[in-house]
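Subject: Structure handover

Hello,

Here is the structure I promised to pass on. Please open it and keep it beside you while you read the notes below.

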Amino acid sequence: MPEPGAPRRTPQGVPYADLQHIVNADGQHLFCRYWEPEGPPRALVFVAHGAGEHCGPYDEIGQTLKEQSLLVFAHDHVGHGQSEGDRMNIKDFQVFVRDSLQHIDLMKGRHPDLPIFIIGHSMGGAISILTACERPNDFAGVALIAPMVKMNPESATPFKVFLAKVLNHMVPSLSLGSIDSKWISRDQKQVEAYDNDELNHHGGLRVSFGMQLMGAVARIEREVPAITWPFLLLHGDDDKLCDIRGSQMMFDMAQSTDKKIKVYEGAYHVLHHELPETVAAVLKEVTGWISERLAVSPSQGS
Ligand SMILES: O=C1N[C@]2(CO1)C[C@H](C(=O)N1CCC(COc3ccc(F)cc3Cl)CC1)C2
């Protein structure tokens, strides 16, 4: 614990006073990023990153949407990147949802008349879904990039799930192993960037964190049939980290009248860091989908 009165610093030693940040309900400092357009923004877009990463790798998405006059904002979740908290260890998955709502409410307070979208990837997709479920009428749309809706049956076999439940009572800090980066992308440069990113957590995924993820997946499965808000699902059909059948189940089961799924043939998990042609297609799809919903958004009195 830092000495009383000493400046709070990121896990990398940078004073939060020198960085954009928010302080969550548990008093933890969360590092924030903002991509603000030159002129008046047309909408707010909150980006929720995935497990073990941080919001820096969303710079291309942020810059692209900023050029479309959208105000993009994100933070590193507790226990990730430049935010405080034990690495990838959370008392309850709901903390990620609570902190996201806090940041969203902060930005809505600054721009009360703007529609708001969420973009979530992988575990961040699960956070996005649960965040939108808590405020079903608040979001103009939720774009989900390979969301964690179903665990990959190869990595989370029934035996491994059973074992995780048993181990969680005995050795919750035991590592289940780390994310195999070869499944991040078909683009080797992107895999190397992931492996060399010191803000990513390359340590193992704890049993207790895995249980929180499984709890989130179970919560989502219960919520999906009652979903009515607009969403876009993007998933690679060669994704080995989050099962595409989760996206397909959500598309089939949700009641939303405004829902779309787009499958990227041969693509791996991180579509926004896939082969250049896939990244371009994904960015075009997300920007187009948001713009379509702004053209008819009620806040413009259409
Ligand atoms: O660019 C990116 N994308 C990232 C990394 O960097 C991928 C990562 C991400 O969020 N997930 C991929 C791994 C998955 C593991 O899932 C489990 C593991 C054990 C367990 F017991 C229960 C579950 Cl559910 C969670 C979701 C974000």
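Let us begin in the sheet. Strand E5 (residues 116-121) pairs with E6 in the parallel sense, and five bridges hold the pairing. To find the register, look for Ile118, which stands opposite Val142 in E6. Between the two strands the chain passes through helix H3 (residues 123-134), and this β-α-β crossover from E5 to E6 is right-handed. One caution before you go further: this is a predicted model.

Stay with E6 for a moment. Is strand E6 (residues 141-145) enclosed by the rest of the structure or left open? Five of its five residues are buried, so E6 is largely enclosed. The cut-off matters here: a residue counts as buried when its relative accessible area is under 20%. Now check which way the residues of E6 point. Gly141, Ala143 and Ile145 point one way, while Val142 and Leu144 point the other way. Both groups are buried. There is a general rule behind this pattern: in a regular strand, side chains alternate between the two faces of the sheet.

On to the next neighbour. E6 and E7 run parallel, joined by four bridges. Here Ile145 stands opposite Leu234 in E7. Strand E7 (residues 231-236) is in turn joined to strand E8 (residues 259-264) by six bridges, and these two strands also run parallel. Leu233 faces Ile261 in E8 across that pairing. Helix H7 (residues 244-253) completes a β-α-β unit with E7 and E8, and the unit is right-handed.

Now step back and trace the whole sheet. In which order do the eight strands stand? The order is E1-E2-E4-E3-E5-E6-E7-E8, in an open sheet with mixed pairing. Strand E1 (21-23) and E8 are the edges. Each has a single partner strand, so one side of each has no neighbour in the sheet. On average, neighbouring strands of this sheet are turned by 20° against each other, direction ignored.

For an antiparallel pair, go to strand E2 (residues 29-35) and strand E4 (residues 70-75). Four bridges join them. Cys32 is the residue to find in this pairing, with His75 opposite in E4.

Next, the charged contacts. The count comes to 17 salt bridges. Three of them are good places to look.

Take Arg8 and Glu84 to begin with. Their side chains meet in a salt bridge of 2.8 Å, N to O. The two residues lie in distant parts of the chain, 76 residues apart: Arg8 is in the segment before E1, and Glu84 is in the loop between E4 and helix H2 (94-110). Which is buried and which is partly exposed? Arg8 has a relative accessibility of 34%, so it counts as partly exposed. Glu84 has a relative accessible area of 13%, so it is buried.

Then look at Lys91 and Asp26. They form a salt bridge, with the closest N and O atoms 3.2 Å apart. This pair also links distant parts of the chain, 65 residues apart: Lys91 sits in the loop between E4 and H2, and Asp26 in the loop between E1 and E2. Lys91 is exposed, at 61% relative accessibility. Asp26 is partly exposed, at 36%.

The third pair is Asp105 and Arg135, whose closest N and O atoms are 2.8 Å apart. Asp105 is in helix H2, Arg135 is in the loop between H3 and E6, and 30 residues separate them in this link between distant parts of the chain. Both count as partly exposed: Asp105 at 35% relative accessibility, and Arg135 at 23%. Some salt bridges share partners, and these join Asp26, Lys91, Arg98 and Asp99 into one network.

Last, turn to the surface. Which residues form a nonpolar patch there? They are Phe159, Phe162, Leu163, Val166, Met170, Val171 and Leu174, with about 650 Å² of accessible area together. Leu174 lies in the loop between helix H4 (158-170) and helix H5 (188-196). Its relative accessible area is 39%, so Leu174 is partly exposed.

Best wishes

Notes:
Residues numbered from 1 in each chain as written. Predicted model: local features only at pLDDT ≥ 70, side-chain atom pairs only at ≥ 80, totals over all residues. Heavy atoms only, no water. Patch = residues over 30% accessible without salt bridge, like charges linked within 9 Å, V, L, I, M, F, W, Y side chains within 5 Å. Areas by Shrake-Rupley, 256 points an atom, 1.4 Å probe, with all protein chains shown as cover. Salt bridge = Lys/Arg side-chain N within 4 Å of Asp/Glu carboxyl O. Buried < 20%, exposed > 50% of the residue type's maximum accessible area, 1.4 Å probe, protein only. Pairing = 2+ DSSP bridges. Right-handed = clockwise from strand over helix to strand, strands pointing away. Axes fitted to C-alpha atoms, helices over the stretch in contact; angles between N-to-C directions.
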